[in-house]
Amino acid sequence: STCQGSYNVHIELPNWYNLQPEIPNEYKNYHISMVVFGRYGDVGPGTYSGQVQHTNGCWSDYSPVLTIADATPPKPTLTAGTLTVCSGATTTITLPDWYGLPNANEKNYHIPGIVWARTANVGAGTYNGQVQSPQGCWSAYSDVVTIASTSCGTGGSCTTPTYTLGTTTWAGCNSTYTGGAWIFASRPDTYTPFVQWNKTSKAWSATASGTMTSWTSGTSTSSTWSSHPCPSGWRLPTLAEFQALLNAGSVWRAAAASGYNNAKAGRFYGSGASTCTLPTPNNCIFLPAVGSRSSDDGMLWDQGSYGAYWSSNEDASKQGCYLTFSSASYNALKCESKKYGPSARCVK
């Protein structure tokens, strides 16, 4: 075997008649089909046969076919853990292990400008790679993979990429309340505090069971949010923005779903919902099923199987409106008393 484009395999026919170099036109007595009128030649991958000519001018039958195998690997596919990373963050790109070569032979893989190895952790940029067969043949380069960079939520430790749908940018994580301020949670699959309509100076426990003391005191009747439970520069979604998110599609994932890395149950929303994984989803966001708190007494409802997220809109009856979902493919926009306690996911 040899590599495509190489001509380094020497083939030759036997010198049946012991013709000497000084005999004129010696090599016209030998023929390697499609290669040369001669006794030998250097060839690449292909099939070859030859014949010899008697000094009386008669040609022999062709020899059995000799096959020189092509040891060039097929064009590989370079894969990436995600096609979008936060600014300054990395993802893993990987070439296929065509030949089961051990780690000691990782020099048989090349990601140009990055590493002589099968895998690399890279940031935003364009990448391709090639693999080498044990015979030393290099493949063609893979198609280029582009890793995009996006700004992730600020005002907290969330490093999950944002998701842009139309002209709306969705934060990668829920809002949480720390030190008297609303910031982003560290991960999207985190149970975060509940908030009542326009009462952003108070966050209610994400996990405490039972009723909440003073839950109904000071209920807001404002038709709008005078402040949002969001970091600076962010706001609550409108019902129209929630509807666009619903239209983009969603997939429920149980807690710790294999291959999706979500510690809590919830829904992936967006055009990439069916294939999204955490902590760096691509073309989607993850809304955890935090549950909600009852408008009557703040009782925690259905955590782990249900989620509710405030919008910035009220209905004609002055009720606050929100997105709701459950594990049973239940996606809807509803409105309820402003004493109700959903979660918050912000946009800009």
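1. Cys3 and Cys137 are both buried in this predicted model. They pair up as a disulfide, with the sulfur atoms 1.9 Å apart. The torsion about their S-S bond is about -90°, so this one is left-handed. In sequence terms the link reaches across distant parts of the chain: Cys3 sits in the segment before strand 1 (9-12), while Cys137 is in the loop between strand 13 (130-131) and strand 14 (145-150), 134 residues apart.

2. On the total: if you're setting up the topology, expect five disulfides in the structure. Each such link is a covalent bond between two cysteine sulfur atoms. I only go through some of them here.

3. Next up is Cys158 with Cys173, where the S to S distance is 2.1 Å. The handedness here is right, with 75° about the S-S bond. Cys158 belongs to the loop between strand 14 and strand 15 (163-165), and Cys173 to the loop between strand 16 (168-170) and strand 17 (175-178), so the disulfide ties together parts 15 residues apart in sequence. Cys158 and Cys173 are both buried.

4. Then there's Cys230 with Cys346, sulfur atoms 2.1 Å apart. A torsion of about -95° around the S-S bond makes this disulfide left-handed. It's another link between distant parts of the chain, 116 residues apart: Cys230 comes from the loop between strand 18 (181-184) and helix 1 (239-248), and Cys346 from the segment after strand 26 (331-336). Both of these cysteines, Cys230 and Cys346, are buried too.

5. One last cysteine to look at: is Cys58 buried or partly exposed? Cys58 comes out as partly exposed, at 47% relative accessible area.

How values were computed
Residues numbered from 1 in each chain as written. Predicted model: local features only at pLDDT ≥ 70, side-chain atom pairs only at ≥ 80, totals over all residues. Heavy atoms only, no water. Disulfide = S-S within 2.5 Å. Helix = DSSP H or I, 4+ residues; strand = E, 2+ residues; numbered from the N terminus. Buried < 20%, exposed > 50% of the residue type's maximum accessible area, 1.4 Å probe, protein only.
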